[in-house]
Amino acid sequence: MDRIRIVGGNALNGVIPISGAKNAALPLMIASLMTDDTLTLENVPHLADVEQLIRILGNHGVDYSVNGRRVRQDQGYSRTIHFTARNIVTTTAPYELVSKMRASFWVIGPLLARMGVARVSLPGGCAIGTRPVDLFIDGLRALGAEIDIDSGYVDARAPKGRLVGNRYVFPKVSVGATHVLMMAAALAKGETVLENAAREPEIVNLADCLNAMGARITGAGTETIHIDGVDHLSGARLAVIPDRIETGTYAMAVAMTGGDVLLEGARADLLDSALDAIRATGAEVTPVNSGIRVHRNGSGIRPVDVTTEPYPGFPTDLQAQFMGLMTMAKGRSHITETIFENRFMHVQELARLGAKISLSGQTAIVDGVDHLKGAPVMATDLRASVSLVIAGLAAEGETVVHRVYHLDRGFERLEEKLSRCGAQIDRLSE
Ligand code: EPZ
């Protein structure tokens, strides 16, 4: 299994191109199931999760091409991919595929909307918490679906073959359930109103995509979304938004190592709360025409408290990275996780580098240290692994990060982007 080796201590200087957002690309790709026309997506990142979803969509009959060719593993940065679901060959998403990536459960919305029936495996456990699917089921039932849970599968049917618009109030904010209900309602009969909907920029990207395909959706990005169901969706062309989590991750890396980096193509308006937190640590963060410039000179890192919240609050997907940064702050900080109940797996690994962190319920108390020291570390999820990379960049000596496949799920060409800015980082393949 590949590992990443980092020799820490270098400041980062240069340009890092920001890729298309994984968490926007996945629902847009899933939306291709909703039409027999071609959906062309630009700026799709080259990531293991994208490749996995291509396989899952292929199971349902979605054909894809990259500039007329099949996707090849060795192709470079974000690219344009054409997806065509001329015929849906099966409405079953099997356990073997769904269990590899939770977001593949989201095919339930488009399949039910277009075919009137879907049988999708429950996604199962996950390293960052139990992550149930009750909101998806309640919401789809509100649109008229009849749903049974049978042998680990969700069996859903739309009576008379079509969902029916309704008002649904999410009891809890959920990104995935908002994506799914928006897709399901786009082809339902009549009007749907979703209240307490997620407001993430990825929701807006999906609504823009569905509208470009002929849907009638307003209010995405606010907590109330109106959807006027249509009979049919057609093809469209749309770009995936830049990855706000990748942006915040590299900004935090610079805030930790010092240096001066342009995050090329990044959009500051997608991560205001995280950028405010980074500024509060003492780094300069400046939106410029071509992206965001992050700069920190030799001054110390100030401790800053953060609490994760649904958008526009501080994102849970940047919590581990911010904790990495706080391990070297000049004082104590508190980091509270409110979205997932078990998202502190990085704490014990950061401790291996010399960090001083204690847990009290859902809050991590971080006492900054003057130095971290390199060590072998291992991570259990995507964002936790990248927090170890950030800490390794600032630590003295060598850090080896094991289980790199987590990083490959969500960070395009991480080693290359960082080493071009002066980091000593390389991949060890066995
Ligand atoms: C999305 O996951 C992201 N994934 C996650 O990013 C991100 O951490 C999360 O949103 C929160 O921002 C993708 O976009 C592919 P939720 P999602 O439904 O949609 C509970 C990463 O590292 N809940 O908004 O699965 C749930 O357990 C990943 O890129 C229910 O209780 O998250 C959680 O506590 C990890 N019942 C909360 O809601 C449900 O039916 C928010 O989860 C659904 C969710």
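Guide: Asp, Glu, Lys and Arg count as charged; Ala and Ile are among the nonpolar residues; what belongs to neither class is polar. This model is predicted.

Visitor: How do the residues of the lining of the largest cavity divide by that rule?

Guide: Into 2 nonpolar, 1 polar and 6 charged. The lining consists of A21, K22, N23, E202, D243, R244, I245, D317 and R383. α1 (22-31) and α8 (244-257) are the elements that give two or more residues to it.

Visitor: Why is it called a cavity, and not a pocket?

Guide: Because a 1.4 Å probe fits there but cannot get out; a pocket is open. The structure holds 1 cavity of 30 Å³ or more. About 50 Å³ of space lies in the largest cavity, so it passes the 30 Å³ mark.

Visitor: What makes S174 a polar contact of the ligand?

Guide: The cut-off is 3.5 Å between N or O atoms. A polar side-chain atom of S174 lies 2.7 Å from a ligand oxygen, so the pair qualifies. R343 also qualifies, with a polar side-chain atom 3.3 Å from a ligand oxygen. P132 does so through a backbone N or O atom, 3.1 Å from a ligand oxygen.

Visitor: How much of the ligand's accessible area does the protein cover?

Guide: It covers 91% of the 830 Å² that the ligand has on its own.

Visitor: Which residues are closest to the ligand, and how many surround it?

Guide: 23 residues surround the ligand, and D134, S174, D317, I339 and R383 are the closest. By class, this shell has 11 nonpolar, 4 polar and 8 charged residues. α5 (134-142) gives the most, with 3 residues.

Key:
Residues are numbered from 1 along each chain as its sequence is written. This is a predicted model: local features need pLDDT of at least 70, side-chain atom pairs count only at pLDDT 80 or more; totals for chains, interfaces and linings use all residues. Side-chain values use heavy atoms; hydrogens and water are left out. On a 1 Å grid over the protein atoms alone, a cavity is a set of points where a 1.4 Å probe fits but cannot get out, and a pocket is an open set with protein on both sides within 12 Å along at least five of seven lines; lining residues have an atom within 4 Å of a point. Grid points are joined across faces, edges and corners, and a volume is the space filled by probe spheres set on the points. Helices (H or I, at least four residues) and strands (E, at least two) are DSSP runs, numbered from the N terminus. A residue is near a molecule or strand if one of its heavy atoms lies within 4 Å of it. A polar contact is a pair of N or O atoms within 3.5 Å; within protein, one must be able to donate a hydrogen and the other to accept it, and residues adjacent in sequence count only if both atoms are side-chain atoms. Accessible areas come from the Shrake-Rupley method with a 1.4 Å probe; for residues, only the protein chains shown count as cover.
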